[in-house]
Amino acid sequence: MALFAATASLLAGIAFAPAARAAEITIGFVNPQTGPFAALGKAARRGMDLALEGAKTNPALKGVTFKVVERDSAAKVADAIRYARELDTREGVDVLMGGLSSAECLSMQQFAREAKLAYLVASGCWVDEFNAPDRINKYAFRIHASNKQRNVAFVSWLSQNVGKRWYVMYSDTAYGQSGLAAFKEAGGNVVGSVGVPFGATDMAAYVSRVDRSADGVYFVFAGRDATLALQEALSQGLGKKMKLAGMQSLVIPEVFAKLPEATEGLAYIGGYLREANGPLDTPENRAFQKAYRGASGDPIPLNGYESYVSTNALLKAIEKSGFRGRDDTDKLISALETLDVPASVQFPGGPLKVRKEDRQGISPLYIGTVRGGTEQVIQQIPASDVVRIK
């Protein structure tokens, strides 16, 4: 009888164990759905949703459900912080994500420290200041590469393969200024530069200032500004007279579903290119592209990819730590700061490791060029090289 009672007690404990670990985890997502980054923000949400859909079939997360409470920042810093506070105090979110523009994410990084709330950049936010010693804090993480990581990996290749003297056009924002500084610091020979006010609608005067004696024009723009700057440069015939290069944000599928004919020869660097060829022709990437595209056949948007990977990084840390809510924040942070995962369908661009000292994700980077109207992935910068760039 005593044995039966003990066995019944044990079985009851086993039966109730999964229920005890069940939880609904609420993710607060501050993300532009309107304004100049609207297309980027909508792509980011789709990437997050795809990752969360995949979590439903993960046995390690059985019984755990996810709720996303989104607020439209319209890429405005004041609104981003106001919504972050609202998500924290009114909605009681367990984790904060988002902050697509550099100014937004820098502010949210500091808010995370103030609120003691785990925060992951979902997409965008390549600004180098995120890694500044006075800004780093235990709560804030960025999974994707910084401007400096991209530029250091790219400049020497550009000098050897494309041109040595560059004129830089950049968005006069934290992102653009950071990109210009990183290009110079990486050894780029800058013969001149022009900063374009954020949201400028007439790029003609700025493109006209480009020194045509330079070997090429290097662009550091994002969103609608990238579209307008590139279109104006092409309309003035710069692509026929000079080499064109820049950050991948220049030709992302969110704004160029089809690459303009005049971008032939354009070179750029990024964490993920739209075509699964060259070093990105892997089983993991092809499976991801099939899942993301579905029947549409549309190219994978960069912000969709970045948000998908960032969300999967969060899910992996939740799985590793047993995080079930705000009270487990320290456990989640310990898992995030030691995250080290191989390439998979969840991480189709390659293995991901977080550098603990600055909360920076480390993954391979890719150099691409436009050939025959398609992206050609011509070189991978391995994570073992990227990790040394600080």
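1. Start with the largest cavity, where helix H11 is the biggest contributor: four of the lining residues come from H11. This is a predicted model, so read the volumes below as computed from that model. The space in this cavity comes to about 180 Å³. Its lining runs to 22 residues, and Ile143, His144, Gly271, Ser363 and Pro364 sit nearest the centre. Besides H11, the elements giving two or more residues to that lining are helix H5 (147–161) and strand E13 (360–362). Sorted by class, you get 13 nonpolar, seven polar and two charged residues.

2. How many cavities of 30 Å³ or more are there? The count is two. The second largest cavity holds about 30 Å³ of space. Around it you'll find Gln248, Val251, Ile252, Pro253, Tyr272, Leu273, Arg274, Ile300, Leu302 and Glu375. That set splits into seven nonpolar, one polar and two charged residues.

3. Now the helix itself. H11 covers residues 302–321, and its geometry checks out: at 1.5 Å a residue, 20 residues should span 28 Å, and the end C-alpha atoms are 29 Å apart, which agrees. Is H11 mostly covered or mostly open? Mostly covered, with 17 of its 20 residues buried. Right after the helix comes Gly322, which takes a positive phi of about 75°.

4. The largest nonpolar core has 128 residues, and Phe66, Met169 and Tyr218 have the most contacts inside it. H11 turns up here too, giving the most to this core with nine residues. Phe66 is worth clicking on. Which residues does Phe66 touch once neighbours within four places in sequence are set aside? They are Ile25, Ile27, Leu52, Ala55, Leu61, Leu315 and Ile318. Two of those partners, Leu315 and Ile318, fall inside the 302–321 range of H11.

5. On to the open space. The largest pocket has about 320 Å³. It is lined by 23 residues; nearest the centre are Phe37, Ser101, Ser102, Tyr175 and Ala222. Helix H4 (102–115), helix H6 (174–185) and H11 are the elements that put two or more residues into this lining. H11 gives the most, with three residues. The class split is 14 nonpolar, eight polar and one charged.

6. The second largest pocket has a volume of about 240 Å³. Fifteen residues line this pocket, and Ala51, Gly54, Ala55, Asn312 and Gln346 are the closest to its centre. Which elements give two or more residues here? Helix H2 (38–55) and H11 do, and the largest share, five residues, comes from H11. By class, the lining has nine nonpolar, four polar and two charged residues. Ala55 links this point to the core discussion: besides lying among the residues closest to the centre of this pocket, Ala55 is one of the contacts of Phe66.

7. If you open just one element in the viewer, H11 is a fair choice. H11 gives the most to the largest nonpolar core, to the lining of the largest pocket and to the lining of the largest cavity. H11 also supplies the largest share of the lining of the second largest pocket.

Technical notes
Residues are numbered from 1 along each chain as its sequence is written. This is a predicted model: local features need pLDDT of at least 70, side-chain atom pairs count only at pLDDT 80 or more; totals for chains, interfaces and linings use all residues. Side-chain values use heavy atoms; hydrogens and water are left out. The expected span of a helix is 1.5 Å times one less than its number of residues. Buried means under 20% relative accessible area, exposed over 50%, partly exposed in between (1.4 Å probe, protein chains only). A nonpolar core is a set of buried Ala, Val, Leu, Ile, Met, Phe, Trp, Tyr and Cys residues joined through side-chain atoms within 4.5 Å. Contact means heavy atoms within 4.5 Å. On a 1 Å grid over the protein atoms alone, a cavity is a set of points where a 1.4 Å probe fits but cannot get out, and a pocket is an open set with protein on both sides within 12 Å along at least five of seven lines; lining residues have an atom within 4 Å of a point. Grid points are joined across faces, edges and corners, and a volume is the space filled by probe spheres set on the points. Ala, Val, Leu, Ile, Met, Phe, Trp, Tyr, Cys and Pro count as nonpolar, Asp, Glu, Lys and Arg as charged, and the others, Gly among them, as polar.
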